[in-house]
Structure formats: C-alpha cells, structure tokens
Amino acid sequence: MNIIFYIAAIVAFVATVMVVTRKNAVHALLYLIVSLLAVSVIFFISGAPFVAALEVIVYAGAILVLFVFAIMMLNLGANSGKEESKLLKPNAWITPAILSLILLCELVYVFINYDGASVELRVIGPQEVSQSLFGGYMLAVELTGMLLMAGVVGAYHIGKEKKREYHRYLQTNENS
Amino acid sequence: MNEILVQILIIVGVLLGTVTIAAGLIYVERKMLAVWQQRSGPNRVGPFGIFQVLADMVKIFFKEDWIPPFVDKKVFIIAPTIIMLSILMSFSIVPFAPGIVIADLNIGLLFFLAMSSLGAYTIVLAGWASNNKYSLLGGMRGAAQMISYEVFMGLSLMGVVIQVGSFNMTDIVNAQKGLWFVVPQFVGFVIFLIAGVAETHRLPFDLPEAESELIAGFHSEYSGMKFGMFFVGEYLGITLVSCMITILFFGGWLGPSFLPPIVWFLIKMFAFILFFVLLRAALARPRYDQLMSFGWKLLLPLALLNVLITGAVVLSNA
C-alpha cells in the first residue's frame, strides 16, 4: 500500500512540475491529466474510492476535455511558444517560490513534530459521502449550485448572438 | 497460489476474448450489412469469406506506418492508444458469469463511466495533433458530442443504481433475478442505448468522422496500425456497450438453467452487437445541430425525469 502511494505521489509531483514548465499548452494540459489521475490513485488507496472515481469523471474526463477543447479553438500558432518562454523568466518565479518555500517549511516542521500515531484507514462508500453532502453540508452544496447556475446564465448572455435574418439572395448587412 | 493463477487466467481470457471478438466483428459487420442490403458481402477469402478478417489484419499490419511531417509527433502517437487502453480497462469490471470478473469493485459502474469519459481524449488529441483543418473539425465535433452524451449516459444509469442501491456490477445483476430492469427502467434503457451509440461514435452518430464532409475527420492522417487501433477500438467500444446493456438492463448471465450462465451472457451480448450493425444499415446521419439539440432538449429532461420518478417510487416503497 505504501509503495503504491509513493509511486503515485512521485508521478503526481513530476507531472505537476512538467505542467508548469511546458511551453506548449496542450502538452501542459496532458501532464495535468496525468497528475489528476495519480491523485485519484492516492484517493483510491486511502479509502475514498467514490472520490477517486469522481476525480476521474469530473476533472480528468469533463473539465480538462473542455480545456483542451478551448485551446484547440484558439489554435495557438508557433509564436505562443516564444511568448511563453518570455513568461518563464526568473523574475516571475521569485515571489511564488518564496511563498511555496514558507509552506514547505511548515510542512516539514509538522512532519518532524508528528508523534507517529497511525491514522486509521476506513473505506468511505458513496452512501456515506452523499449523506454528508445532502445532510451537514446541504447549504454549501446549494450555494455552489447557485454559483454554477449564475455562471451558466452569464455564459449564455455573453455568448448569445443577435438573431440575424439571411435571405438566400438578398444578404442583409451583418452589422445592422 | 491457485487463486492467483485463476485470476491471471481470467485476465488473459478476458483480454484475448474481447480483442478476438472485436476483430471478428469486422467480418460480422460487413457480412450482416450485406445481408440486410441484399448484397453478397465478403465471399472470396475462404468459405463464406470468413478469413476476410485475417486478410484485413495482414493488410493493415504491412501498410506503411507514416507519420506526416507537420503533426505533433508525441501526441499523434499517444492518441490512438488511449481508446484501446480506456476500453480494455473498462472490461475489468464486467462480470461475464458468477465469479468470472477481473475486479469486482464496489464502484464498478462509476469506473466504467470514468473510463468512457477518458475515451473522449482520443478523438480530441488525434484531431488536434493531426494539424489539419478537417481533423480539427472532427475532433471538435467529437469532443462536444462525447461530453454531452456522457451526461445523459450517467443520468440514465442512475435509475438502475437507485433501484439496486449499489454501484457494484454483480449486485446489479443479482438484483434482476425476479424482473429484468428493462421493464421498470425502459426510459433509462432507451437513453443509455442512444448515448452508447453516440459514445462509440457509430452511425448514425458518427459525425466526428463523417466521410462525406470531413474526409474521415479525426483520423484522416492516420495509416497502418495506428488507424487499426481506432478501428479495433470502435469495435471494442461496441462490445463494451453491448456488455453493459446486457448487465444493466437484461439480467447479465441470468437465464433458464439448460445453458451455462456465460452462454446466456454471450447470446444477449451478440444480440445487441447485431442491433448496432442493424442501426448502421437502417438509419441516416442527422445534421450536427440536430444531434446536439436532440441530446440537450429531449434526452436530458427525460433522463432527469426518470431519475426523479424512480427516486420517488423507491422512496415511497421503502
């Protein structure tokens, strides 16, 4: 169990580093998918098979397909790679690196002071997850639903085009 | 030791069995299409042309495997492997008979949905990596179609899950001992069937590869065995969806006891495979906007209504 965890963790780590350093957007997204799949393996072996399945269905299977879809529509040319390499200058790295370093120090400190009591591993099935989702966390779920609804309505409003009438022979002016 | 050996035997058996069935479908499809269209079909290689599969395989293996210079090479090579991998992974949760299953996961159905949603990448990436406008159009159609139809596919299965109270495939089959779920879940069955055709992008929903408009769409740049992977992947997909329909709605291996359970399973599975072929012979391709509006405006409300009613009935009986 432990070996699988460490392998999945290393895969997730390497893939995430590759996401940040790739210049080609689609390649970066592919590494992000690998990273998500590795995290899903970690969820599965830590007793949350339902969350692992949802991670693959929702994140890897739906959201990132839409990301790839959007990048395909943008059809970035060869120039975008050059522009990306400008963004990877050391100046841009300093602040996030310092912030991450603080977090890493905290993490190491927590691990050193950890008293070694083993966390009990318990498999949590779909029923238990849904009972807490629609029981104790009802309000949060409903609020998230409303937020998503607002997003959908907004996207529809922005994407809606004025209805244009075309005649087969008399093409009306598009801007009128 | 013995258990491990049995497990390995099951894995090898399922792998070889499914790939052989998928390859054999090349012949079955051509022959059955010919029967339904009153033609002879393949009849030159061997008796009734049954060695046609072999001839096709030899041909596809010996073709030049050409990678065009303008493609994104790494992604171009990865794309066809994804569909084979994701579909073969899905077969690991299919119970062919009591005990004959590779992994009896308690989230079996969700695993199937997860793997089928990963299958969408194969079209998207193949279309993008080919660096060709027709392939890109095919890839975009494929992505939109698969994401949309996954929604109804998942929702249509929830009726079954509510009735059984479990995502486990063996539990789902055992719950159908009295009555197959096709009767109480008829709406779910029809929606799953339609979504299954769209997920495997078979005719009449083969718009990502519509040869008359997009010259084979996402796989126009592929040749040799890489094209073969898409081809076999499609037939594997048909086999998988037929297996899932058999398990979820037609009682899996259950049947009168004069035949062994695995035979009942295979009979039901092949009946649905033939139905898929008949669909191809009988129906015309819809327009792309018709496909999308049919999905979102008709199937989605129906699937939601089905979940609502099933939930209410189960709750009132409890």
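**View 1. A bend in helix H3 of chain A.** Helix H3(A) bends by about 30° at A:Leu64, a feature of what is, throughout these views, a predicted model. This helix covers residues 49–74 of chain A, and at 1.5 Å a residue its 26 residues should span 38 Å. The C-alpha atoms at its two ends are 36 Å apart, which agrees with that expected span.

**View 2. Helix H3 of chain A beside helix H4 of chain B.** Here a helix of one chain is seen together with a helix of the other, H4(B) being made of residues 108–118. The axes of H3(A) and H4(B) come within 9 Å and cross at roughly 15°. Because angles under 35 degrees count as roughly parallel, H3(A) and H4(B) are therefore described as roughly parallel to each other. Their crossing is left-handed.

**View 3. The overall build of chain B.** Chain B contains twelve helices and zero strands, so that, read from the N terminus on, each of its elements in turn is α. The radius of gyration of this chain is 20 Å, close to the 20 Å that the globule rule gives for 318 residues, and chain B is therefore as compact as a globular protein of that length. Taken along the principal axes, the C-alpha atoms of chain B fill a box of roughly 65 × 45 × 45 Å.

**View 4. Helices H6 and H12 of chain B.** Helix H6(B), residues 133–164, and helix H12(B), residues 288–317, have axes that come within 9 Å and cross at roughly 15°. The two helices are therefore roughly parallel to each other, and the crossing that they form is left-handed. When the residues of the contact of H6(B) with H12(B) are sorted by kind, 16 are nonpolar, nine are polar and one is charged.

**View 5. Helices H3 and H5 of chain B.** In this last view, helix H3(B), which holds residues 73–90, is shown with helix H5(B), which holds residues 120–129. Their axes come within 8 Å and cross at roughly 160°. Since angles over 145 degrees count as roughly antiparallel, that crossing angle makes H3(B) roughly antiparallel to H5(B). H3(B) passes H5(B) in a left-handed crossing.

Key
Residues numbered from 1 in each chain as written. Chains lettered and ligands numbered in written order. Predicted model: local features only at pLDDT ≥ 70, side-chain atom pairs only at ≥ 80, totals over all residues. Axes fitted to C-alpha atoms, helices over the stretch in contact; angles between N-to-C directions. Helix = DSSP H or I, 4+ residues; strand = E, 2+ residues; numbered from the N terminus. Parallel < 35°, antiparallel > 145°, perpendicular 65-115°, else oblique. Left-handed = near helix turned anticlockwise from the far one by under 90°. Nonpolar A, V, L, I, M, F, W, Y, C, P; charged D, E, K, R; others polar. Expected span 1.5 Å × (residues − 1). Bend = angle between axes of the 7 residues up to and from the residue. Rg over C-alpha atoms; globule rule 2.2 N^0.38 Å.
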